[in-house]
Amino acid sequence: MADFLKDRIGVVTGASSGIGEAVARALVDAGCPLVLNARRKEKLESLRKELGDEDVAIAAGDCADAEVITHMLDLAKDRFGGGKGKLSPKREADLIVINAGRGLGGTALTSDESQWDDLIRTNITAAARLIRAAGRRLLASIPENQIKHDGQWLERPRDIVILGSVVGRHVSPFSSFYSCTKAAVQTLAEGTRRELGPKGIRVTLVEPAFVTSEFQAVAGYSPEWYTQMVEKFGPMLSPADVARAIVFAVSQPAHVHLSDFLIRPTRQEYP
Ligand SMILES: NC(=O)c1ccc[n+]([C@@H]2O[C@H](COP(=O)([O-])OP(=O)(O)OC[C@H]3O[C@@H](n4cnc5c(N)ncnc54)[C@H](OP(=O)(O)O)[C@@H]3O)[C@@H](O)[C@H]2O)c1
């Protein structure tokens, strides 16, 4: 399985905590070198220390910032893309995990309006900008005849993985305004899958339900409320549970695509 992670180059956004951090650990463990992004540089530095300098590079900053996005992709290519001049140019990152995101409790009537712009920018605009930048580079890296030639397929998979949420599909009774952003992410992912799938690029939407991480505090959920949810639905997912599922999906041969999956704590019946 891990063979399909050999010789690949990854980028993970939101790697300073939770699911992104767990995905970073799992991918490096499977032999995939990575560029890590998040705003808290010191957290990324300590993860790099743990995982090793050789396989980890850091592009800290706001994931919605176009310059930060360019830096993530350039750094991946320069540090890990190999290459020997014109005959064998450097390779681009080919495993992009668009994970950075945030929650917000409440509805359009009750949520904190001062946080709407940041929510929309982080969950939707940043994802769209990275899809666009990485998608264009990946398309340019695939030779015209490589996909259809005599039924042969790509020599290695290419992936864009996007973190949606179960509440993008089933409107959340606790945070319906956040649901709107993840519904947009679902549409963005499916539209991009239809565009890039035929060219050999897998665009995968991962929709977790309750995962215990920094997410709850950032969303403004009260600890008492979350304790009630744990009693009702727990054991909750851990970030490592989601990371394992992502690594399984991207470890498939290039012609196999687990394109869209929900992952819930077993006892969570809704949403
Ligand atoms: N936890 C859940 O229950 C749950 C359920 C469904 C979906 N999700 C989705 O899964 C993804 C990861 O969530 P999580 O549970 O791992 O939450 P988390 O522990 O809060 O991690 C969020 C990560 O995103 C980064 N981030 C936030 N805003 C950023 C920005 N503007 N620029 C760069 N990085 C930014 C944070 O790092 P910095 O603060 O250092 O920037 C952090 O590394 C999110 O997209 C979330 O919506 C979570």
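Leaving aside neighbours within four places in sequence, which residues is Ile160 in contact with? The first close-up takes that up; every view here comes from a predicted model.

**View 1. Ile160 and its contacts in strand 5.**
Ile160 sits in strand 5, which covers residues 159-163. Skip the neighbours within four places in sequence, and the contact list reads Ile96, Ile98, Ile131, Ala134, Gly135, Thr192, Ile201 and Val203. Ile160 counts as buried because it has 26 C-beta neighbours inside 10 Å, and the cut-off for buried is 20 or more. One pair to pick out is Ile160 with Arg193: they are 33 residues apart along the chain, yet 9.1 Å separates their C-alpha atoms.

**View 2. Ile98 in strand 4.**
Shift over to Ile98, one of the contacts of Ile160. Ile98 belongs to strand 4, residues 95-98. Is Ile98 buried or exposed? Buried, because 30 C-beta neighbours lie inside 10 Å. Not counting residues up to four places away in sequence, Ile98 touches Thr13, then Ala127, Leu130 and Ile131, and also Ile160, Val161, Ile162 and Leu163. Its C-alpha atom is 6.3 Å from that of Ala127, although the two residues are 29 apart along the chain.

**View 3. Helix 4 alongside helix 5.**
Here are two helices with their axes in play: helix 4 spans residues 116-141, and helix 5 spans residues 176-196. The axes come within 9 Å and cross at roughly 10°. That angle is why helix 4 is described as roughly parallel to helix 5, as the label applies to angles under 35 degrees. Helix 4 brings Leu119, Ile120, Asn123, Ile124, Ala127, Ala128, Ile131 and Gly135 to the contact. From helix 5 come Tyr178, Thr181, Lys182, Ala184, Val185, Leu188, Thr192 and Leu196. Sorted by type, the residues of this contact come out as 11 nonpolar, 4 polar and 1 charged. Some of these names turn up in the earlier legends too: Ala127 and Ile131 touch Ile98, while Ile131, Gly135 and Thr192 are in contact with Ile160.

**View 4. Thr125 on helix 4.**
Stay on helix 4 and look at Thr125. How many other C-beta atoms lie within 10 Å of Thr125? There are 14, so Thr125 is partly exposed. Apart from neighbours within four places in sequence, Thr125 is in contact with Ala64 and Ile120. Ile120 is also among the helix 4 residues that meet helix 5. The C-alpha atoms of Thr125 and Gly101 are 11 Å apart, with their positions 24 residues apart along the chain.

**View 5. The shell around the ligand.**
Count the residues surrounding the ligand and you get 32. The closest are Gly14, Gly18, Arg39, Arg40 and Gly101. Which helices each supply at least two residues of the shell? They are helix 1 (18-29) and helix 6 (215-219). Helix 1 has the largest share, with 3 residues. By type, the shell divides into 13 nonpolar, 13 polar and 6 charged residues. Gly101 also links back to the previous view, where its C-alpha atom was paired with that of Thr125 at 11 Å.

**View 6. Backbone spots worth a look: Asp7, Pro235 and Pro271.**
Asp7 has a phi near 60°, a positive value in a residue other than glycine. Asp7 lies in the segment before strand 1 (10-13), and its 15 C-beta neighbours inside 10 Å are why it counts as partly exposed. Next, a cis peptide bond joins Gly234 and Pro235, with omega about 0°. Pro235 is in the loop between helix 7 (223-233) and helix 8 (239-250). The peptide bond from Tyr270 to Pro271 is cis as well, with omega near -5°. Pro271 is placed in the segment after strand 7 (260-263).

**View 7. Stepping back to the protein chain.**
The chain has 8 helices and 7 strands. Its radius of gyration is 18 Å, close to the 18 Å that the globule rule gives for 271 residues, so the chain is as compact as a globular protein of that length. Along its principal axes, the C-alpha trace spans about 60 × 40 × 30 Å. Of the 271 residues, 40% count as buried. Among contacts between residues at least 6 apart in sequence, 71% join residues at least 24 apart.

Conventions: Residues numbered from 1 in each chain as written. Predicted model: local features only at pLDDT ≥ 70, side-chain atom pairs only at ≥ 80, totals over all residues. Axes fitted to C-alpha atoms, helices over the stretch in contact; angles between N-to-C directions. Parallel < 35°, antiparallel > 145°, perpendicular 65-115°, else oblique. Contact = placed C-beta atoms within 7 Å. Nonpolar A, V, L, I, M, F, W, Y, C, P; charged D, E, K, R; others polar. Rg over C-alpha atoms; globule rule 2.2 N^0.38 Å. Buried ≥ 20, exposed ≤ 12 C-beta atoms within 10 Å, placed from the backbone. Near = placed C-beta within 6 Å.
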